[in-house]
Each structure stands twice: as structure tokens, then as C-alpha cells.
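Work through these exercises with the model open beside you. Each task is followed by a solution in steps.

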Amino acid sequence: MRNKWWIIIICLFFILMIPNILFSIKSEEHLKAFILSAIPQIFFIVFGISSTRNLKLILLFLSPLYIIIPFESWYILNYNEPSSSQIIAVVKESNIEEAAGLLGYYGIISKIFVGIILFIIAIIVSVKAPINKIPKGKKQKAILYVSLFSLILYYYVCFNLSPDANALQQQNFQENLSQDVNLTSGGLALGERRLSKSFPTGIIFRIKGYISEKRALENAIYHIDEIKFNPFRSIEIPNEEQEIYVLVIGESARPDHFQLNGYDRQTNPELSKIKNIFSFSNVVSPWSMTRLAVPVILTGKMDKNHLSPLDAGSLVTIFKQAGFKTYWISNQSPLGIHDSLISIHASKSDKLLYTNLGSYSGKSNYDIEIIKTLGHILNDKAQKKFIVLHMIGSHFPYEHRYPKEFDFFKKGEKINGPPLLLNQYDNTILYTDYILSKIIELIKTYTEENHGIGFMFYISDHGETLPTKECTQFGHGHNYDPEFMVASLLWLNENYSNRFKEIPKMAEKRKDYPFYSRQVFDTITSLAHINYNERLEENYWFSEKWKKEKRWVFGDRDFDMSDRGGACNEIR
Ligand SMILES: [Zn+2]
């Protein structure tokens, strides 16, 4: 009978180690992963049992962890690494619908069910098992001191072992890339990051990382307010003359699915009819996730990891300081102001509106909401307006991004790969075409009535992987080539293109130039004839002095020089 209890107890302790074992198997460096995750846990458990001499008490103490083990194990199986501070942020911000989009309702319920069963078993065993306290003695003391010493030594080494540069970088990126994440940079020291890999003690470090990142973002909010661009106009534009400049940030839109760039399906029936429109076919974004890609567009700045730094001012800040009234309409999910660098920049605008109550992963309001709101904004009294419109665009699931009338590309047409998903994706591009043409129409009508000048600059945050015969994956957040090419276009109103004749000429000439989304900041300010002291003429897409810069993607890879490999065109 007693033996049976022992078997159950050993099984329970083994289950506690499952996340560490899975991480060791899934990681590319098995031994390193095992040392980082399983070893400290073994020391801890041995130390706990030998110091209290009470195995049942330790089991009772650890029992709540069984509830999260199925989720953590699922995460490691999918992402090849333990959850991180970023995931805590995502979980904190997510609602049940978003979680269901990722896991499915069945996935959530089954994991909770398994977790609770394990939890109940652990409690029953820790209460009922006929196992006595370990007797005091030399053996017990020896184990206690050896485990304590090992634990101290282990922590000392983890904190003091100098990083090999490669591993450090790798770890940094992995943490940032594990999902379409909220926060922008790791808040943990290297030693803590090493220790955060283990289960369950690492969770303490993950929570610590989350709190410190949150604080960093809170500080950034205050810091951004202090940034002074000291902007000045590079040409004289009278105060009473109307200026309407609009930046549209797209979502998951690939340039090769735009008819304007030569795609063989008619995905741009509306934009194709419009004059003074320039579509750029060779623009690269440094990141394949919204929350990392958009801040780079907004600030034009990148740190050594090629992330937008927390203390950089955005287009909103500079336009505001140049005397413009600034607006931000977002049809993406409203996230906590403290949890995303995008929402921090958005919060600096004079007027901020979120038009979407849906979610990324499920149904959402269509982008037509932006058009409705834009109409009101244009009628606002201010003469100088800078407006940012953030679309939900082509974010997966594609079928939820367009109304029925845009279900144009249907099943049955023969193209590469599973046709349904591609058809749905092309329908989102068709709908984006409609939305952009509506935005242009509104600005056009409004500026013509008031003899104003205006432009619309559109750029997608990142691209998208779509399934092909070879590659079965789709979506973004990976290091696949099509996730870094972004659709981008410029429209100038008649008044603007007549007045600044060299700009449309240059734009036409440079449609296929190798541009980088980091240069959008200087390109938009230049188009608006706003200058500032640190401005670099070589960043401006339409300047004679423009220079191609190294297009870093996914943190450390040169987009133009790196090899491609695998079924999905991985950038290596
Ligand atoms: Zn995105």
C-alpha cells in the first residue's frame, strides 16, 4: 500500500519537472537548457524536503503549480521555449476571446481540466499519504548542506558567468519574438534571464521582468513629453493655409498582393483609378510583429538591437511641436496605455480614438469605422492637421476583416497553395484598396473646398506568410522573408503636386527603390516641409541625397545579404 503512495508521489514530482524536460528536448542546445531549467529545480526540491523533513508539506506548497503546468507545457511545445515576461503581459491584457483565438475554447477547457485534476490529486496525496517526517540525522543534514551549497554556487555562477555574445543576443531576440508581444525590451539582467527559464522558480523572475518593463514604459511616457525636436518649416507656409497630412499604418499587407505592384489579380480596382498615387514595391520593415514594427515607423529610431528605443519622440510629437493639431484613430484593439509603446505614442496626440471593440484574433469592427471618424475630424476647425490612422487591415483571421460585399475572390480559382486562405487574404487587400480610396476621397474633397495642401502616406507594419505548396505556415512573427516586405504608397493632392513638382517626379522614379521603414519618419516630416536639427537628408526617400541603408530584420539579419532556407523562405 505504502509503495503505491510512493509511486504517486514520485509521479507528481516528475510532472512538476515536465516543463523543464520539454524545454530541454525542444531547445536547440539540450544540455544547456537542462542545466538552466531542471537543475535548479532539483536543488530546490531536495533542499526544501531536507530542511523541513516533510515531503507532504512541500507537495502541498507546490500543488497550485499543477494548474499552470498544462499551459506552460503547451507553450513550450509550440514555441520551443518557456513563457516569458512578455507572455505575462499578453495574458494580463487578453480576454477570454483572444485566448480562445490562440488556444481554442476546447484547448482552454481541456488544459484547465487536466490542471485541476492534478491539483486535486496533489492535495489528496499531501494530506492522506501515510508517510512520516524524515528522521533527523547525519544523512539528512549532509543532504541539506550539500543542496544548499549547490544552490548558492549555482546562483553565483548564473549571475557572474560572462555572456557569450551570441547567446546573449539570441536570448534577447527570442524573448522579444516569442509572440506578437506587448512590451518592447527585456527588463531583466542576464543572470536573471538565465534563471527565468526554469519552472517553477523562474516564474518569479518572469514576473519581476514584467514589472520592471512596465515601469520602464511608465517612465517613457514622462520622458517623451520632455523631448524637444525644435522643429521649423523648411519653406514658408502661411498660418491660414490649410494642411492635412495623413499617415495610414496598415496591417500585414504584402506589396506583391497589390495590383499596383503588378499582382495578377485585380486587388486595387479603386486605387488604380486615382491620379498622383505612387506605390512602392520594395519596402522592408525591420520586424514582423506589430508592436515592434510600428514604433520604428513612428520614431525613425533604432537601438543596437534594432528596436525603437523607449525614449524616442514620434511623428505625433514633432508635428505637435510644429504647430499641428494631431489625431490618432485606431481600429486595432485598445491595449493598456502602459503596456505598449504604440499606445504610448498614440496617447500623445491631441485627439485619440479607438474604434474597435473586437480583437486581433477574432471578429473585429471593419476598417470603415476609420472613415466614419475621419469625416468628423476633417471638419474640426484646426487649419493644420496631422492624422494617424491605424488599420486592422489584413490581420488573421482574414475572413473577419471585410464585409460580405468584398468576398470577391472565391474558392475554386486555381492558385498556389490552399486557395481559401489566399482568397480571403486577397479579399482583405481588396477591402484595404476600398478603405484607402475612401480616405483619399475625403482628404481630396476637403482640401479642394478649402484650397489646402495634403497627402496620404500608407505603410503596412509588416508583411505576412501565406501558405504555398511547400510552406504550410501562415501569419507573422517568424523570420520568413515575406513577413518583412511591406506595402506602401503615397498620394498627393492636386494642389500639393502642382506646388512641389519635383516630389511626384521623384516618387514615380523611385517606385522600386530598396526603401526601409525606419526612414519613414524623415520622409513624412520632409514631405510636410518640417525640419529639425538632427534630421538626415539621406533618410528622405525622395531626396537627391537619399542613401540606401542596411536593412536589418528580425534583430540581427541583413535582409539583402542573408541566405534564405527552408520551405517558408527563412532568413538566416
Ligand atoms: Zn501587425
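Buried means under 20% relative accessible area, exposed means over 50%, and partly exposed lies in between. The model is predicted.

**Exercise 1. Describe the chain as a whole: how many helices and strands does it have, and what share of its residues is buried?**

Step 1. Start with secondary structure. The chain holds 20 helices and 14 strands.

Step 2. Turn to burial. Of the 572 residues, 56% are buried.

Step 3. Take the surface. The chain exposes about 25,300 Å². Carbon and sulfur atoms supply 60% of that area.

Step 4. Look at the contacts with a separation of 6 or more. Residues 24 or more positions apart account for 77% of them.

**Exercise 2. Place Gln424: which helix holds it, and is it buried or exposed?**

Step 1. Find the element. Gln424 is in helix 17, residues 419-449.

Step 2. Apply the cut-off. The relative accessible area of Gln424 is 12%, so it is buried.

Step 3. List the contacts, leaving aside neighbours within four places in sequence. Gln424 touches Tyr398, Glu399 and Tyr402.

**Exercise 3. Characterise strand 8: how many of its residues are buried, and which strands pair with it?**

Step 1. Count the buried residues. In strand 8 (residues 485-492), 8 of 8 are buried.

Step 2. Recall the geometry. In a regular strand, side chains alternate between the two faces of the sheet.

Step 3. Split the strand by face. One side carries Met485, Ala487, Leu489 and Trp491. The other carries Val486, Ser488, Leu490 and Leu492. Both faces of strand 8 are covered.

Step 4. Take the pairing with strand 3 (residues 277-284). It is antiparallel, with 6 bridges to strand 8. Phe280 has Ser488 as its bridge partner.

Step 5. Take the pairing with strand 7 (residues 453-460). It is antiparallel too, over 5 bridges. Here Phe455 stands opposite Leu492.

**Exercise 4. Analyse the salt bridges: how many are there, and where do the partners of Arg233–Glu243 and Arg518–Glu549 lie?**

Step 1. Get the total. The whole structure contains 26 salt bridges.

Step 2. Recall the principle. Side chains of opposite charge can pair when their charged atoms come close.

Step 3. Examine Arg233 and Glu243. Their side chains form a salt bridge at 2.5 Å, N to O. Arg233 is in strand 1 (residues 232-233) and Glu243 in strand 2 (residues 243-250), 10 residues apart.

Step 4. Compare accessibility with the cut-offs. Arg233 has 24% relative accessible area, so it is partly exposed. Glu243 has 0%, so it is buried.

Step 5. Extend the pair. Arg233, Glu243 and Lys384 are linked in a network of salt bridges.

Step 6. Examine Arg518 and Glu549. Their salt bridge spans 3.0 Å, N to O. Arg518 is in the loop between strand 9 (515-516) and helix 20 (520-527). Glu549 is in the loop between strand 10 (530-531) and strand 11 (552-553), and the two residues are 31 apart in sequence. At 15% relative accessibility, Arg518 is buried.

Step 7. Add one further case. Glu538 forms a salt bridge with Lys547, with the closest N and O atoms 4.0 Å apart. Glu538 is partly exposed, because its relative accessibility is 31%.

**Exercise 5. Classify the aromatic pairs Tyr245–Phe324 and Tyr513–Phe515: what are the centre distances and plane angles?**

Step 1. Count. There are 35 aromatic pairs.

Step 2. Classify Tyr245 and Phe324. The ring centres are 5.8 Å apart and the planes are at 35°, so the pair is tilted.

Step 3. Locate the partners. Tyr245 lies in strand 2, and Phe324 in the loop between helix 14 (315-321) and strand 4 (325-330), so the pair ties together parts 79 residues apart in sequence. Both Tyr245 and Phe324 are buried.

Step 4. Classify Tyr513 and Phe515. Their centres are 6.1 Å apart with planes at 35°, so this pair is tilted.

Step 5. Check burial. Tyr513 is partly exposed at 29% relative accessibility, whereas Phe515 is buried at 0%.

Step 6. Follow the ring pairs outward. They link Phe280, Phe457, Tyr513, Phe515, Tyr540, Trp541, Phe542 and Trp546 into a cluster.

**Exercise 6. Which ring lies under the charged end of Arg564?**

Step 1. Identify the ring. The charged end of Arg564 sits over the ring of Phe559.

Step 2. Give the distance. The charged end of Arg564 is 4.8 Å from the centre of that ring.

Definitions and conventions. Residues are numbered from 1 along each chain as its sequence is written. This is a predicted model: local features need pLDDT of at least 70, side-chain atom pairs count only at pLDDT 80 or more; totals for chains, interfaces and linings use all residues. Side-chain values use heavy atoms; hydrogens and water are left out. Helices (H or I, at least four residues) and strands (E, at least two) are DSSP runs, numbered from the N terminus. Buried means under 20% relative accessible area, exposed over 50%, partly exposed in between (1.4 Å probe, protein chains only). Contact means heavy atoms within 4.5 Å. Accessible areas come from the Shrake-Rupley method with a 1.4 Å probe; for residues, only the protein chains shown count as cover. Two strands pair if DSSP finds at least two bridges between them. Rings of Phe, Tyr and Trp (its six-membered ring) pair if their centres lie within 6.5 Å; planes under 30 degrees apart count as stacked, over 60 as edge-to-face and the rest as tilted. A charge sits over a ring if NZ of Lys or CZ of Arg is within 6 Å of the ring centre and within 35 degrees of the ring normal.
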